[in-house]
Amino acid sequence: MFLTFFYLLRASGINVSLGEWLTLMEGLRMDLHDSTLSGFYTLCRSVLLHSEADFDRFDQVFLEFFKDVKHVDEVPPEMLKWLEHPELDLVELERLSEITGLSVEEIERMFAERLRGQDAEHNGGRKWVGTEGYTPFGHRGKQLGGIRVGGKSSYHSAYRVAGERKYRDWRKDNTIDSRQFQMAFRSLRQLSSNSDEPKTELDIDATIRKTCDNAGNLSIEFTRPRKNALKLMLLMDSGGSMDYYRELCSLLFQSVSKAGRFKDLKVYYFHNSPGKRLYLDPTLDWRNSVLTEWVMNNIPSDYKVIIVGDASMSMQELLPSYNWWKSDVPENSGLALLLELKRRYPHIIWFHPQPRPAYSSYWTQTFELLEKYFDMYQLSIDGMTKGMKKLMVRR
Amino acid sequence: MREEFRGSQDYVASEELLQAANIAIALQKPLLIKGEPGTGKTVLAQAIATAMGKPLTIWNIKSTTKAQDGLYVYDVVQRLYDSQFGGQGVDDIKKYVKLGKLGEAFSSEEQVVLLIDEIDKADLEFPNDLLWELDRMEFYIPETGETVKAKHRPIVIITSNAEKELPDAFLRRCIFHYIAFPDQELMAEIIRVHYPDIEDTLLRQTLRAFYWLRDLSGIQKKPSTSEVLDWIQALQLSGIDPQRIADEIPYAGVLLKKNEDLDVLRRAKG
C-alpha cells in the first residue's frame, strides 16, 4: 500500500525519488510521525516535497489515497497495514479491552466521542490535535493507547489540513522552471576585463614579472575582475495568440532579469510583428513606446537580439497581398522591417513558444516564411541551448 | 529519547513547523525554510538554538559568497608577505588557513545549530557546491592535508526567500518547510509574546485592520509579522484611540513601504 502511494505521487507529477522515499522510511522507523496520520502527513510533506508549489497537488493525492477510510469510525484495517506496525493488530484492541476491563465497543465509542470533542475544539481554529486531550488513554501504555488514539484523531486532522487545500494559490504547472531558463542564459557570456570595477583580483603574471623586476622582492599586482560584457535586447510578442504562452514568457522575462549578468538589457514588446513602434511594457500602450527606427539608430549593433513570438499572424502583416508568392521583399512591408533588424543586429535569433508546426496549413505560412530568414528555436530547454549557442557564434 | 524542539519563550511556531524541525533534527538532514519575508525564518534558528541550549553559528549568504568561503580560506598573500619579512611561523601553513562558518561548525567541540541564511542570494551553483560537505559533514584541505570532519553533526537550518530556485539535487537532501502566513489567532499569540500587556481592544482592532490591509487587492508588498509588531509599538506610543485604528489606519507608512501601496490604501479608504 505504501508503494502505491509512492507511485500515485509520481503519477501526479510530484517528482519523488527513491532516495527521498528511503528517507521517509527511515523517518517512519524512527517513529518521527509519532504514529499519527497528521504526523505522517507532515513527515511526508517535509521529506518528499521541496516547494510550496507542490503542496496543493500533494494534498489532493493524500486525500485521494486515503479518501476511502475517511468516514470510517473504527480504526480502518488499511491504516493499520499502512502504518506497518505489527503491534497495531486488531488483536491488540482486544487485549486493551482485557487490560482496561472495558469492552471493545466501549473503547471504540469513547474514542469516537473523543474524536468528536476534538473536532469541535479544533474547528475553533488551531491545528495541534495529535497528542492533546487524550490523557485517559495515555497512561494505558504508550504503544497501545497512544498509537491508536493518536493515529485515529490526528488522522482526522490530517484530513482537515489536506481537505482545506490551503496551498492552492501556490500551485504552478510550469513545465520549465526558471532555474533551467537561467542556466540557459548563463551561456550568454562575453567575459571582458574592460570594466571600471576596482582592481580586486590577483594578477599572477604581473605579480611574477614585477617581483622579478624588483629583484625578488615580492610585489603584488591586482587586476580588474572579468565581467560579462554582453548586451542583450529582448523583443517579445505580446497579446493575441501569445496569451496562451503568457506564463512561459513572463518566466523567460523573469529569468533574464534575474540572471542580471548582462552589461545591458533592453526589453521591448510588439504585437505579432515589430511595426513602426516598439512598446516598453506588455500592455502595448502607445504612450509608452519608442519608434523602431529610433531603436535601430540608437542601440548599437553589438547587442544580441532575441525575438520571442509565435510567428503566427496574418500574412498581410509581413507582405502586401500582391507579393505573397514572390521572392523579393517590397519596402515598407513588415518583413522588410524584420530583415532591416537582422541587418542591423547580425546576432539575432527567434524563439517560438509552441512546437514547430508539423505540417503546412494556412495558419503556419507566416511561420514558414519567417523561418527562411531567421534561426528559429522552440522555447524549450533543448531549443534554448541550441539558440544560445547560435547567438554566441562569431559572425 | 531523542532531543526535541518544542518552541521557545519568545518564538511561537505552528505545530507543523515544530514537527518539521524535529524531523530534520532526527534524520540529521538540513531543514530548508521558505516563506514570505518577515515570517520569522531567521529567528527560528535562534529559537532552536536557545531552546536546545546549543550555540548558534550564522553564515550570512551574500550575492558574492562562494561555497569555499564557508569551508576555509587560505591566505596566500599574507603568507608571501610574511615570508618576505621573515615573520614567525611562515612554514606553518595552518596559520594561514582560516576556517569559514561551516568549518567552524564542523570543528566545534559541541553540537551547534548552523544557520545558512538566505541561501538563494548566492550564485545559482552555490548550493550544488555544498552537497558533499552537507551530506558527509566533512571536507578536505589540500594545503594542510587535513580533513575537517564534524565531531557532532550540526543542526543545519537553511532559509530561502525563493529569489532563485535551488537545484534539485540539493533540494532532495533537505527537509522542507514552508512557513505559511500566520492566521489571526496565531498572530495574536505572536503579538502577545512580544507585547505581553497589550490591551485586548487594541490587539483586536490592529489585527482587523492588518488583515483587511493584507487582503486588499493591488498591494504589491504585503505587510508581514515584523511590520505589524513595529506598527503596534507606534500605536502604543502615540496612545491613539483603538476604535479609530481600523477606520483611519494611522502610521500606514510603518506597514506599507511602497508609495504605490500607500496610494492603493488611500483609494480603498476613499
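**Exercise 1. Determine how strand 5 and strand 8 of chain B are joined, and place their pairing within the sheet.**

Solution. Start with the pair itself: in this predicted model, strand 5 (residues 113-117) of chain B and strand 8 (residues 155-160) of chain B run parallel and are joined by 4 bridges. Next, pick out one position along the pair, where B:Ile116 is found opposite B:Ile158 of strand 8 of chain B. Then widen the view to the sheet of chain B, an open one with parallel pairing, in which 5 strands follow the order 2-5-8-1-9. From one strand to the next, the twist averages 20°.

**Exercise 2. Explain why strand 2 and strand 9 of chain B each have one side without a neighbour in the sheet.**

Solution. Recall first that the strands of a sheet pair through backbone hydrogen bonds, in either a parallel or an antiparallel way. Now read the order 2-5-8-1-9 of the open sheet in chain B. Strand 2 (56-60) and strand 9 of chain B stand at the edges and have a single partner strand each, so one side of each is left without a neighbour in the sheet.

**Exercise 3. Find which strands of chain B are touched by helix 1 of chain B, and what this helix gives to the side of chain B that touches chain A.**

Solution. Begin inside chain B, where helix 1 packs on the sheet and touches strand 1 (31-35), strand 8 and strand 9, its direction making about 160° with that of strand 9 of chain B. Turn then to the contact between the chains, which takes 31 residues from chain A and 26 residues from chain B. On the side of chain B that touches chain A, at least two residues each come from helix 1 (15-27), helix 4 (76-84) and strand 9 (175-179) of chain B. Helix 1 of chain B gives the most to that side, namely 8 residues. Finally, sort the residues of this side of chain B by kind, which yields 13 nonpolar, 8 charged and 5 polar.

**Exercise 4. Decide whether B:Glu185 is buried or exposed.**

Solution. Locate the residue first: B:Glu185 lies in helix 9 (residues 184-194) of chain B. Then count its surroundings, bearing in mind that a residue is exposed if 12 or fewer other C-beta atoms lie within 10 Å of its own. B:Glu185 has 12 C-beta neighbours inside 10 Å and therefore counts as exposed. As a last step, consider B:Leu207, which is 22 residues from B:Glu185 in sequence, with a C-alpha to C-alpha separation of 9.4 Å in space.

Definitions and conventions:
Residues are numbered from 1 along each chain as its sequence is written. Chains are lettered from A and ligands numbered from 1 in the order in which they are written. This is a predicted model: local features need pLDDT of at least 70, side-chain atom pairs count only at pLDDT 80 or more; totals for chains, interfaces and linings use all residues. Two residues are in contact if their C-beta atoms, placed from the backbone, lie within 7 Å. Ala, Val, Leu, Ile, Met, Phe, Trp, Tyr, Cys and Pro count as nonpolar, Asp, Glu, Lys and Arg as charged, and the others, Gly among them, as polar. Two strands pair if DSSP finds at least two bridges between them. Axes are lines fitted to C-alpha atoms, for helices over the stretch in contact, and angles run from 0 to 180 degrees between N-to-C directions. A residue is buried if 20 or more other C-beta atoms lie within 10 Å of its own, exposed if 12 or fewer, and partly exposed in between; C-beta atoms are placed from the backbone.
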